[in-house]
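Me: Could you take a close look at one part of this molecule for me, and then connect it to its surroundings? I'd be glad of a full, friendly walk-through.

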Amino acid sequence: MEKYIYDKKDVTDPQDQIPVYIEKFDRMNGYLVVDFSEQEILQKFIKRYDLQYANGDKRSMLEISNLNISNTSHLREGSHYLLPKELLEEGKWMPEPLINNDIRDASPIFAYRLNASQIPSITFGKAIRYTGYYKPNYTGVHISIPFLSQGISIDDKLKIIVRNVGQGNWNEIYIKDNKKIIYDFGASIRYTQTQLDGLIRKYKIDKILYDNSVPLMIISHWDIDHYMMLLSLSDSQIKSIGMILCMDKAISQTAKNVLSTLQKNLGTRLSIISASERESRRSSLKLHLVGSNKGILLFKGTQSSSINKSGLVLGLQTKEACAVLPADHHYSQIEKDVFPHLNKNLTYNMVVPHHCGNAGRISSTLTHFRKNGAAVISVGKNSYHHPFKIIKNQLSTAFSIQQTNISGDITIML
Ligand SMILES: [Zn+2]
């Protein structure tokens, strides 16, 4: 009896096969991070391979390094596959030390790590189908955000701070100098719990939350580098956030755990949003304006197999300048669906999509606005070679480029 939902055609031997969700994959460097979609599958993995596991440990991701992967394996982030037998049988899975219980500092997300350099060539099969998504409580085309209806005017000055959190995203938006919105609350997948706690202290998040000065937090999509910091908040800190908006496609066990913690603490102040229906199978991925108050515009994506392209995007606009915080959405989506809502005569600033990695072709981004300002790259140590030189060079012809790994926290004034 399997509780989780994989297609029977794909998982033919549920006793023996271990389906996993691909969180991060870097072919060039043989680096792979997977998670389980259900707690039961992690438990099966642990039992089957007689691994050490502490009761109550919520960590579920597996980090595999030095992976010799065959050219015929086409792994896609955000899809599900069966773990190849060789990895299961020949791999020596090392349990991650318990947090605060070891001289080594531990990861808040990894349960086991594997150095796969000794295993010759690994072949993954085809992607398998999973349909067990979180049930949204919000599906409409207009999102009611009490904060947005509270008299923000186009005259108000806006300030964006892009925090230096390694390869991840954490942005803060201030209205008239008060912290009002946190858009994405992530950090590098490599950070340990001690490093996350250090960031909470450095940026005085505990104090800020207790002051109730964050009426709105938006998590663009459920990729760990966009929500990792939530693992460091206590229940009472979460309770002090006015409202959290997030998407329903929380697929990994880690994301589901976070989402249920949010639900427990926020109740109806958590809005779980589903992507818009696609008009037809052929139609392109759109971003729809779902909430706005003059200077602040919120967009949500259409259903897609890529969570990068179907999340929440934020647009900001004052009398003099505008900005887009696109998370990992593609340039073409921003150009087509967000630009028409912004005044062309303003100075345009942006956080660069997908940490200046792959976000499709740039076409009108360089020339649409009368003037361009800053293009901020939120980037840190990573194996993908972000920021891509070719994109950075292209952007630098029109924007002044700033990088968090060089300058630390970066402020944009609008
Ligand atoms: Zn990302």
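Reply:

**A close look at Asn 66 and its surroundings**

Asn 66 has 14 C-beta neighbours inside 10 Å, so it counts as partly exposed. Please keep in mind as we go that this is a predicted model.

Let's start with the backbone. The phi of Asn 66 is positive, at about 50°, although the residue is not a glycine. As background, most residues other than glycine have a negative phi. Asn 66 belongs to the loop between strand 3 and strand 4, the latter covering residues 80-82.

From here we can step back into strand 3. This strand spans residues 61-65 and runs antiparallel to strand 2, with 3 bridges joining the two. For a landmark on this pairing, look at Ile 64 in strand 3, which has Leu 32 standing opposite.

Strand 2 is worth a pause of its own. It covers residues 31-35, and 4 of its 5 residues are buried, so the strand is largely enclosed by the rest of the structure. Besides pairing with strand 3, strand 2 pairs with strand 1 (residues 19-26), again in the antiparallel sense, over 5 bridges. One handy place to find that second pairing is Tyr 31 in strand 2, the bridge partner of Asp 26. The hairpin of strand 1 and strand 2 has 4 residues between the strands, and there Gly 30 takes a positive phi near 60°.

These strands also lead us to the domain division. The chain is divided into domain 1, residues 19-115, and domain 2, residues 146-413. Taken over C-alpha atoms, the centres of the two domains are separated by 28 Å. Domain 1 brings 23 residues to the contact, while domain 2 brings 17. On the side of domain 1 that touches domain 2, strand 1, strand 2 and helix 1 (39-48) each supply at least two residues. Strand 1 gives the largest share of that side, with 4 residues. By character, the residues on this side of domain 1 divide into 10 nonpolar, 6 polar and 7 charged.

Now for a partner to set beside our asparagine: Cys 356 is not a glycine either, and its phi is positive, at about 60°. Its place is the loop between strand 17 (347-351) and strand 18. The surroundings of the two residues make a nice contrast. Cys 356 has 24 C-beta neighbours inside 10 Å and therefore counts as buried, whereas Asn 66 counts as partly exposed with 14.

Another backbone feature follows strand 18. The peptide bond from His 386 to Pro 387 is cis, with omega near -5°. In general, most peptide bonds are trans. Pro 387 sits in the loop between strand 18 (371-377) and helix 9 (389-396).

Finally, here is the whole chain as a frame for these details. It has 10 helices and 20 strands. A compact globule of 414 residues would have a radius of gyration near 22 Å, and the chain agrees with that at 21 Å. Along the principal axes, the C-alpha atoms fill a box of roughly 60 × 45 × 40 Å. Of the 414 residues, 45% count as buried. Among contacts with a separation of 6 or more, 74% come from residues 24 or more positions apart.

Technical notes. Residues are numbered from 1 along each chain as its sequence is written. This is a predicted model: local features need pLDDT of at least 70, side-chain atom pairs count only at pLDDT 80 or more; totals for chains, interfaces and linings use all residues. A residue is buried if 20 or more other C-beta atoms lie within 10 Å of its own, exposed if 12 or fewer, and partly exposed in between; C-beta atoms are placed from the backbone. Two strands pair if DSSP finds at least two bridges between them. The radius of gyration is taken over C-alpha atoms; the globule rule is 2.2 Å times the number of residues to the power 0.38. Two residues are in contact if their C-beta atoms, placed from the backbone, lie within 7 Å. Domain bounds come from an automatic or database domain assignment. Ala, Val, Leu, Ile, Met, Phe, Trp, Tyr, Cys and Pro count as nonpolar, Asp, Glu, Lys and Arg as charged, and the others, Gly among them, as polar.
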